[in-house]
Amino acid sequence: MKKSLGSVLALYPTPVAIIGVMNQDKPTWMLVGHVGIIGHDKILLSLHKIHYTNKFIRQNNRLSVNIVDENILPQADYVGINSGINVDKSDVFVYTLSENNTPLIDASPLTMDCLVVDNYETDNFDNFVCTIENTFVEESMLDEKNKVDYRRLKPVLFEMPTYSYLRTGDVIERGGILGKNWKKGA
Ligand SMILES: Cc1cc2nc3c(=O)[nH]c(=O)nc-3n(C[C@H](O)[C@H](O)[C@H](O)COP(=O)(O)O)c2cc1C
């Protein structure tokens, strides 16, 4: 028996990412769990309009998306609970500026340098649609075919209902194998 919870957002867990954007000559950072994929070349970031970060994203149309692993989780959490309105977060991460003037976190295992191409505004949210212009990954996170190996790079996941961070788990199977073997009515 399933119990109705009403209209509850339950699409969790999601990976958390640190968004980086330049405020003149200093970066500012915030943590985002409401991230999504649109097609094969675009991602979506859903940011409440009250945040300090949004203004700079709107100004620059450039941002970085930095995957969080457990090594940088304390700092990631810090930029998720402190606003740039009250705290200078520019020195939380050592970073490298991309050719597009986005700050890329050195300690993040994978960073995407993004161009903001649209903003699908909903009631209280800026939903930034971004194209990925370049992706930088720690070489140790690549497999022998030069693909990102998510058994090594372990993005931290987040779920809102209990406000908790989760680890990724074991590999179940490669896609396309279980369905191939499953027979209707079996
Ligand atoms: C785990 C976690 C996930 C978060 N996810 C989001 C999110 O998806 N969207 C959002 O607008 N804020 C999210 N936040 C809140 C912002 O990161 C937080 O309010 C931050 O202080 C905003 O910084 P700013 O005011 O400097 O921009 C999250 C916070 C945490 C701790």
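**Notes on the predicted model**

1. Let's start with a pair of leucines: Leu157 sits opposite Leu166, a residue of β12. Please keep in mind that this is a predicted model. The strand β11 covers residues 157–159, and 3 bridges link β11 to β12 in an antiparallel arrangement.

2. Stepping back to the sheet as a whole, β1, β11 and β12 are arranged in that order as an open sheet of 3 strands, with antiparallel pairing. Its edges are β1 (14–15) and β12 (164–166), each of which pairs on one side only.

3. Now to the ligand, which may interest you most. There are 21 residues around the ligand, and those that come nearest are His34, Thr53, Gly80, Ser83 and Gly84. Two or more residues of the shell are given by each of β3 (26–32), β5 (42–48) and α2 (73–81). Of these, β3 provides the largest share, with 4 residues.

4. What is the make-up of the shell by class, nonpolar, polar and charged? The count is 11 polar, 9 nonpolar and 1 charged residues.

5. Asn127 is also worth a look. This residue belongs to strand β10, which spans residues 125–137. Asn127 counts as partly exposed because it has 15 C-beta neighbours inside 10 Å, whereas a buried residue would need 20 or more.

6. Which residues does Asn127 contact, apart from its neighbours within four places in sequence? They are Leu44, Ser46, Asn119, Tyr120, Glu121 and Thr122. Across a separation of 92 residues in sequence, Asn127 and Val35 lie 9.3 Å apart, C-alpha to C-alpha.

Terms used:
Residues are numbered from 1 along each chain as its sequence is written. This is a predicted model: local features need pLDDT of at least 70, side-chain atom pairs count only at pLDDT 80 or more; totals for chains, interfaces and linings use all residues. A residue is buried if 20 or more other C-beta atoms lie within 10 Å of its own, exposed if 12 or fewer, and partly exposed in between; C-beta atoms are placed from the backbone. Two residues are in contact if their C-beta atoms, placed from the backbone, lie within 7 Å. A residue is near a molecule or strand if its C-beta atom, placed from the backbone, lies within 6 Å of it. Ala, Val, Leu, Ile, Met, Phe, Trp, Tyr, Cys and Pro count as nonpolar, Asp, Glu, Lys and Arg as charged, and the others, Gly among them, as polar. Two strands pair if DSSP finds at least two bridges between them.
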